[in-house]
Amino acid sequence: MKNESSILKAAQRTIAMEAAALANLTSLLDDRFEECINILAACTGRIVISGIGKSAIIAQKIVATLNSTGRPSIFLHAADAIHGDLGMVQSDDVVIIISKSGESPEIKVLLPLIKNFGNKVIGMVGNTQSFLALKADCILNTTVEQEACPNNLAPTTSTTAQLAMGDAVAVCLMEKKGFAVEDFAKLHPGGALGKKLYLRVADLCVDNEKPAVHEDQTIKEVIMEMTRKRLGVTAVLSKDGNLLGVITDGDLRRMLEKTDNIQEIKAKDIMTTHPKTIASSEMAVNALDVMRQNAITQLIVADDNSYKGVIHLHDLVKEGLI
C-alpha cells in the first residue's frame, strides 16, 4: 500500500508529465496545422470525428466543443463505421480520425473507404510515420514521448495532447469565423451560462412593480407607495416624468434619525439625486456588477432619464445568475 507521500509524488509526476507534453505540443504546430484549419474552415458540410478506444472518447468531447462554438460536427465510432455507420458521412463532410499509433486495424479499414468517397481526411496522430499519417490529406501532430502511466501503456499523456489539440482547432475556427459572444449565447440558451449571455435588464424589470412618486409628494405618500410596491425603493419623478432621484428604505431610516417632525418633508427633500441607474438594454449580469460595486440590492432602470422600473437582487438570484 502506497504511503501518503508516494501518492502525492505520483500525482505530481503525472501532472508534470502531461504539462510538459502540452508545452511541447506548441513546437509541433507548423504549416500542416494551418492547412488542416483551412480545410475545416472551408468545409460546407459537417466535421465528422472518428476514433477507437480512448481516442473515441476524446473525439466525442471535441465534437461537443465544435458544436457549441458554431461548427456542426458529429461523432463516428471507427468500429461502428465499418459495420454500417459509414452512411453518416456525406459528400461535403470533412473527416478527422484520431489515433495515437495511427495503426489500429479499424483505422486501416476505415480510412481508404472514406478516401474512396472523396472526403478530405485529417489525421490527429501521434506517429507521423504511421498508416494514418501517410494516407491522410494532412495531419495534426499529437506526438508525446511517453504516457504518464508508470507502464507507459494506459492512454494518459497522449489523450491529454489530443484534447488540447482539439481545443486549439476549435479556437482557431472560432477566430476565422469571427464567432462572437452573441453567437455563443444563441447556442447556450439554457442554464446560468446562457442567461449571462442573453438575459437583459428589460427581461427582468418588466414583471416588477414600478414604484414612483412626484417630487412634491409627502413622506406619508412615499411610504405608502414603497409599502404597496414592496421593492424597498421608489423613484422620484418631476412633473413631466423625468427621473430626479430615488428614495430607499435607508433614506427613510436616516430621515427619522434626524427629525421627529416629518409633516412638512417632501420626497425631494430626502431623495438621493443622481442615483445609480442601468439601461434596460444592458445585460442582467452587468446589473449584478453595479449592485456589488455599490453594495446595493436594487437598481433603477432608466433610458436617457426616462424611468423604466426597478431590478432587484432577488431577480438575479431567481434566474440563477448568483
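This is a guided tour of one protein chain, going from the whole chain to two of its sheets.

**The whole chain**

Keep in mind from the start that the model is predicted. Show the whole chain as a cartoon, and you will be looking at 15 helices and 12 strands. The radius of gyration is 30 Å, well over the 20 Å that the globule rule gives for 322 residues, so the chain is more spread out than a compact globule. If you turn the chain along its principal axes, its C-alpha atoms fill a box of roughly 90 × 55 × 35 Å. Buried residues make up 42% of the 322 residues, and the accessible surface comes to about 17000 Å², with 53% of that surface belonging to carbon and sulfur atoms.

**The sheet of five strands**

Next, select β1 to β5, which form an open sheet with parallel pairing, and follow the strands across it in the order β2-β1-β3-β4-β5. At the edges you will find β2 (73–77) and β5 (138–141), each of which pairs on one side only. Neighbouring strands of this sheet are turned by 25° against each other on average, direction ignored.

Now select residues 94–99, which are β3, together with residues 120–125, which are β4: the two strands run parallel and are joined by 6 bridges. To look at one partnership within this pair, pick Ile 98, whose bridge partner in β4 is Met 124. Moving on from β4 to β5, you will find that these strands also run parallel, joined by 4 bridges, and that Gly 123 has Ile 139 as its bridge partner in β5.

Stay on β5 and show its side chains. In a regular strand the side chains alternate between the two faces of the sheet. Here Cys 138 and Leu 140 point one way, while Ile 139 and Asn 141 point the other way, and all of them are buried.

Then add residues 54–68, which form helix α3; this helix lies across β1 (47–51), β2, β3 and β4, and runs at about 170° to β2.

**The sheet of three strands**

Finally, select β10, β11 and β12, which form an open sheet in that order, with mixed pairing. Its edge strands are β10 (277–278) and β12 (306–312), each pairing on one side only. Between β10 and β11 (residues 298–303), which run parallel, there are 2 bridges, and Thr 277 has Ile 300 as its bridge partner in β11. To finish, add helix α14 (residues 284–294), which lies across β10, β11 and β12 and runs at about 125° to β11.

Technical notes
Residues are numbered from 1 along each chain as its sequence is written. This is a predicted model: local features need pLDDT of at least 70, side-chain atom pairs count only at pLDDT 80 or more; totals for chains, interfaces and linings use all residues. Side-chain values use heavy atoms; hydrogens and water are left out. Two strands pair if DSSP finds at least two bridges between them. Axes are lines fitted to C-alpha atoms, for helices over the stretch in contact, and angles run from 0 to 180 degrees between N-to-C directions. Contact means heavy atoms within 4.5 Å. The radius of gyration is taken over C-alpha atoms; the globule rule is 2.2 Å times the number of residues to the power 0.38. Buried means under 20% relative accessible area, exposed over 50%, partly exposed in between (1.4 Å probe, protein chains only). Accessible areas come from the Shrake-Rupley method with a 1.4 Å probe; for residues, only the protein chains shown count as cover.
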